[in-house]
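Thanks for coming. I have one structure to go through this morning, and two topics: a strand and a cavity. Here it is.

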Amino acid sequence: MAPLPAAGHEYVLTLTCPEAPGIVFAVSRFVMTQGGNISASQQFDDRLTDTFFMRVQFRAEGVTAESLRQDFGAIASQFAMAWQLHDLHTPTRTLIMVSRFGHCLNDLLFRTGTGTLNLEIPGIVSNHRDFEAVADASGIPFFHVPVTAETKPEAEARLLELVDSLDVDLVVLARYMQVLSNELCGKLEGRAINIHHSFLPSFKGAKPYHQAHTRGVKLIGATAHYVTSDLDEGPIIEQDVARVDHSLDPADMTAAGRDVEAQVLARAIRWHSEHRVLLDRNRTVVFR
C-alpha cells in the first residue's frame, strides 16, 4: 500500500456543473497558477442531462486547502459549479453504527488499524451492548443508544448530538438493524452509507440468505448505498456478488454473503473517503 500523502501537500478537487466549453482548461490553469502538479484527473460528461463531473488530484507546496478554496471561488461561480476541495491526507471522521452482526464492524476496524482505510473513528454506536468489548479493545468510545418504538425520537436526537459533538464526517450503518426516520435521513444526506444484504431490492427483510436458499439462487450479493428516506433505495455506490450452489446450506450461504458485505462496504467507504463518489441525482458517478 502506498504511504499517505503528507498533510498540506496533496489535494482533491471534485466538481459538478452544467456541461460547457473550457471547464477542463480552467481547472488545469488554476492548478498551474497555484504552483501545483496534477497527479490524477478523471471526468465524465452525462450527455443525458448535460452535466459534467470531474475529480482532480494534485500536489501543491506553500498553499493551504482554505487558500485554494478562496482562490477557486471565482472559477466555480463562472461555471455554476457545485464543488469541494479537500486535503487528501485528512482522515474521514467516521461514526460506525452496528447492531448484532459484527463482521462489517470488525473488518472496518482492521482496515483502519492497518492503514488501508484513511479513517478516524471517534465512536461506535449500537442499540445493543454486544460489541462494547470490541470497542474497548480498540480504544474507541462506545455509545449504547437503545431504540424502541417509544424512544426512537430520543435515540435519533442522541445520534445527531453525537454526530455534532464528535465532528463526524461520515456515518456508516455497518449492519445497524434499525430504520432511520425520514427527518434523520434528510439531515444525514450524502454522508451516511448503508450496507444491504442483497442486490437491491431482492430479499428484503429478515433472514435474506434463508430466502435466497429457499429460492435456489446461484448468485448472492451485497449493495452499499447512501441512506435516503426511500428505504434501501438510496444512490448505489458499489455492488458485488459471490457464486453459490446447491451444496451450501443457509449457514454457509450466510457466511459467504457476509464476506461480500464486508468487502463491498469497505470499498464504498474508501471511495467516499478519497472523494471519488459524486452524486448524479439518484445515481452516483464513481471515479475509481
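Two strands are said to pair if DSSP finds at least two bridges between them. What you see is a predicted model. With that in mind, look at strand 8, residues 170–173, and strand 9: they run parallel and are joined by 3 bridges. One contact to pick out is Val172, whose bridge partner in strand 9 is Ile193. Between the two strands the chain passes through helix 6, residues 182–187, and this β-α-β crossover is right-handed.

On to the other neighbour. Strand 9 also pairs with strand 10, residues 219–226, this time antiparallel and over 4 bridges. Here Ile195 has Ala224 as its bridge partner in strand 10.

How many of the residues of strand 9 are buried? The strand covers residues 192–196, and 5 of its 5 residues are buried. In a regular strand, side chains alternate between the two faces of the sheet. In strand 9 both faces are covered, with Ala192, Asn194 and His196 buried on one side and Ile193 and Ile195 buried on the other.

Now the cavity. Searching the whole structure at a threshold of 30 Å³ or more gives 1 cavity, and the space in it is about 90 Å³. Which element gives the most to its lining? That is helix 5, residues 152–165, with 4 residues. The lining includes Lys152, Ala155, Glu156 and Leu159, and also Met97, Val125 and Tyr176. By class, it has 9 nonpolar, 1 polar and 2 charged residues.

That is what I have; questions are welcome.

Methods
Residues are numbered from 1 along each chain as its sequence is written. This is a predicted model: local features need pLDDT of at least 70, side-chain atom pairs count only at pLDDT 80 or more; totals for chains, interfaces and linings use all residues. Side-chain values use heavy atoms; hydrogens and water are left out. On a 1 Å grid over the protein atoms alone, a cavity is a set of points where a 1.4 Å probe fits but cannot get out, and a pocket is an open set with protein on both sides within 12 Å along at least five of seven lines; lining residues have an atom within 4 Å of a point. Grid points are joined across faces, edges and corners, and a volume is the space filled by probe spheres set on the points. Ala, Val, Leu, Ile, Met, Phe, Trp, Tyr, Cys and Pro count as nonpolar, Asp, Glu, Lys and Arg as charged, and the others, Gly among them, as polar. Buried means under 20% relative accessible area, exposed over 50%, partly exposed in between (1.4 Å probe, protein chains only). A crossover is right-handed if, with the strands pointing away from the viewer, the path from the first strand over the helix to the second runs clockwise.
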